[in-house]
Amino acid sequence: MATIIIPTPLRKFTDNKSSFDSDGSTVQAALDQLVGEYDTLGKQLLTEDGRLRSFLKVYVGDEDIQQLDGTKTALNSDTVVSIIPAIAGGVQ
Amino acid sequence: MAELNKEEFKRYSRHLIIPEFGLEGQKRLKAAKVLVVGAGGLGSPLLQYLAAAGIGKIGIVDFDVVEDSNLQRQVLFGVADLGKSKAQAAKERLLNLNPHIEIQTYETRISSENALEIIKDYDLVADGTDNFPTRYLINDACVLLDKPNVYASIFRFEGQLSVFNYVDAEGVRGPNYRDLFPEPPPPGLVPSCAEGGVIGVLPGILGSLQANEVIKLLSGVGEPLSGRLFLFDASSFQTRTLKVRRDPANPLNGENPTQTELIDYQQFCGIGDTAAEERAVKEVDVEDLKSLQESGEQFQLIDVREPYEYEIANLEGELIPLGVIADAALKIKRDQKVVIHCRSGKRSAKAIRTLEDLHGFDNLYNLKGGILAYAEEVNPELNVY
């Protein structure tokens, strides 16, 4: 079962859950399950035509899925999938 | 290269006795010029460690003044600094810490007009700012001027750290911020620390790591965090280090560069546009609300903040957080005046637009300036935050 780690800014769309377990065999399947569970998260993650938004990165292990097979990247039972958003905080 | 005097030998002795660092490393720090943008949460530890480490010249860019709400994490400042320029207060503190260094202050907002001029004389930049337009501005200026950019960013319990635009000993250039995030999130999706909060010690941790990367780059010791993004979740104590690669589509230095100068970063981050797009709503000011309260006229007061904000201070309004307002139309009266408020007036305006668009209300009034204005002008006893 792969684990998707939800970053803090998106947790308001996942009832404050910081991770989500998925038995999806690809990144796409796992994201579909996640969005299926939390439908308001879908709009934040994906564009209207279903592509990942460009201020987000999805990593499998320590590698950007763009360097692998994109959303078709296969997942193992112990894979960690990270959704990484841009955050800007610092001074204030 | 700069020589050390007798006092400096004594002061930096714990550096000098690290075999790979040694006198050579310390002399490099003394000869170095570092620009720190933002003397806030990240800047506080960053500046103190850079000053203590003996960086020869430190530039500080910050237009802001020290406020009460800064002291929870900006440990560079104390109560005596309240109301003072952050850059000036930082300079005083840092020269007290280390009189052997030079501090240059820039009490201005870094912008497309002044960034290249300010940055050009420094060897590297450490970005401790708090908003997307400035992040992209600093990144682009560093790429255009060929300077490394040591980046850290924080939100609530989560921090990110990386070294951008670093050229290694073999002459290979690492990625920059645009390789990682080609575009910023739309305004409003990722709240700032002012809206979303940050645990006070987190900038302490990330700013210290940032200082460590600056010192590594300048001294040539260790392996810089270039081509990697370090993530730290202070609440679960999870750390991850991810690979970052150059993007051939990067408009600054990809395969077909299209951007050769700084741009309008407010526009790039969609900030100017949304303000213009937002429809104005009907308003009342805090004096109007006070008169309404005193007149005995029937009206409904709704507070669209979160329960934990209500606990800090409230006007005894009905609490319906913005996130659930669209589904709460039945709780909102249609036969009397309804005043809606939040902390400063932004969220309540959004709530009104939502209720008007989805449910056709025409009796909703936004409290101008929110509970902050009410505390300032009507009831100074209220807690402000």
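Let's start in chain A, where strand 1 and strand 2 (residues 19-22) are joined by 4 bridges and run antiparallel. Strands here are DSSP runs of E with at least two residues, helices are runs of H or I with at least four, and both are numbered from the N terminus. Two strands count as paired if DSSP finds at least two bridges between them.

Keep in mind that this is a predicted model: local features need pLDDT of at least 70 and side-chain atom pairs count only at pLDDT 80 or more, while totals for chains, interfaces and linings use all residues. Residues are numbered from 1 along each chain as its sequence is written, and chains are lettered from A and ligands numbered from 1 in the order in which they are written.

**Strand 1 of chain A**

- Within the antiparallel pair, T3(A) sits opposite D21(A) of strand 2.
- Strand 1 of chain A also runs parallel to strand 5 (residues 80-85) of chain A, with 3 bridges joining them.
- In that parallel pair, I5(A) is across from S82(A) of strand 5.
- In a regular strand, side chains alternate between the two faces of the sheet.
- Strand 1 (residues 2-5) of chain A does alternate: A2(A) and I4(A) point to one face and are buried, whereas T3(A) and I5(A) point to the other and are not.
- For burial, C-beta atoms are placed from the backbone, and a residue is buried if 20 or more other C-beta atoms lie within 10 Å of its own, exposed if 12 or fewer, and partly exposed in between.

**Chain B at a glance**

- Chain B has 17 helices and 13 strands, and its C-alpha trace spans about 80 × 50 × 40 Å along the principal axes.
- Of the 385 residues in chain B, 40% are buried.
- Take the contacts in chain B between residues at least 6 apart in sequence: 68% of them join residues at least 24 apart. A contact means that two C-beta atoms, placed from the backbone, lie within 7 Å.
- Chain B splits into domain 1 (32-275) and domain 2 (278-377), with bounds that come from an automatic or database domain assignment.
- The centres of those two domains of chain B, taken over C-alpha atoms, are 37 Å apart.

**The open sheet in chain B**

- An open sheet of 5 strands has the order 9-13-12-10-11 in chain B, with parallel pairing.
- Its edge strands are strand 9 (283-284) and strand 11 (318-319) of chain B, each pairing on one side only.
- Strand 12 (residues 337-341) and strand 13 (residues 364-367) of chain B run parallel and are joined by 3 bridges.
- Here I340(B) stands opposite N366(B) of strand 13.

**Helix 4 of chain B and its partners**

- Helix 4 (residues 43-53) packs against helix 10 (residues 201-219) of chain B at about 35°, with the axes 7 Å apart. Axes are lines fitted to C-alpha atoms, for helices over the stretch in contact, and angles run from 0 to 180 degrees between N-to-C directions.
- Helix 4 passes helix 10 of chain B in a right-handed crossing; that is, the near helix is turned clockwise from the far one by less than a right angle, with anticlockwise being left-handed.
- The residues making this contact include L46(B), Y49(B) and L50(B) of helix 4 and G207(B), A211(B) and V214(B) of helix 10 of chain B.
- By class, the contact of helix 4 with helix 10 of chain B has 9 nonpolar, 6 polar and no charged residues. Ala, Val, Leu, Ile, Met, Phe, Trp, Tyr, Cys and Pro count as nonpolar, Asp, Glu, Lys and Arg as charged, and the others, Gly among them, as polar.
- Helix 4 and helix 5 (residues 86-97) of chain B cross at roughly 35°, and their axes come within 9 Å; this crossing is right-handed.
- L47(B), Q48(B), A51(B) and A52(B) of helix 4 meet A90(B), L94(B) and L97(B) of helix 5.
- That contact of helix 4 with helix 5 of chain B divides into 6 nonpolar, 1 polar and no charged residues.

**Where the chains touch**

- 38 residues of chain B are in contact with 22 residues of chain A.
- On the chain B side, the elements supplying at least two residues each include helix 7 (132-145), strand 5 (149-155) and strand 8 (238-243).
- The side of chain B that touches chain A has 18 nonpolar, 12 polar and 8 charged residues.

**Two loop residues with positive phi**

- D146(B), not a glycine, has a positive phi of about 60° and is in the loop between helix 7 and strand 5 of chain B.
- D146(B) counts as exposed because it has 10 C-beta neighbours inside 10 Å.
- F237(B), also not a glycine, has a positive phi of about 55° and lies in the loop between strand 7 (228-233) and strand 8 of chain B.
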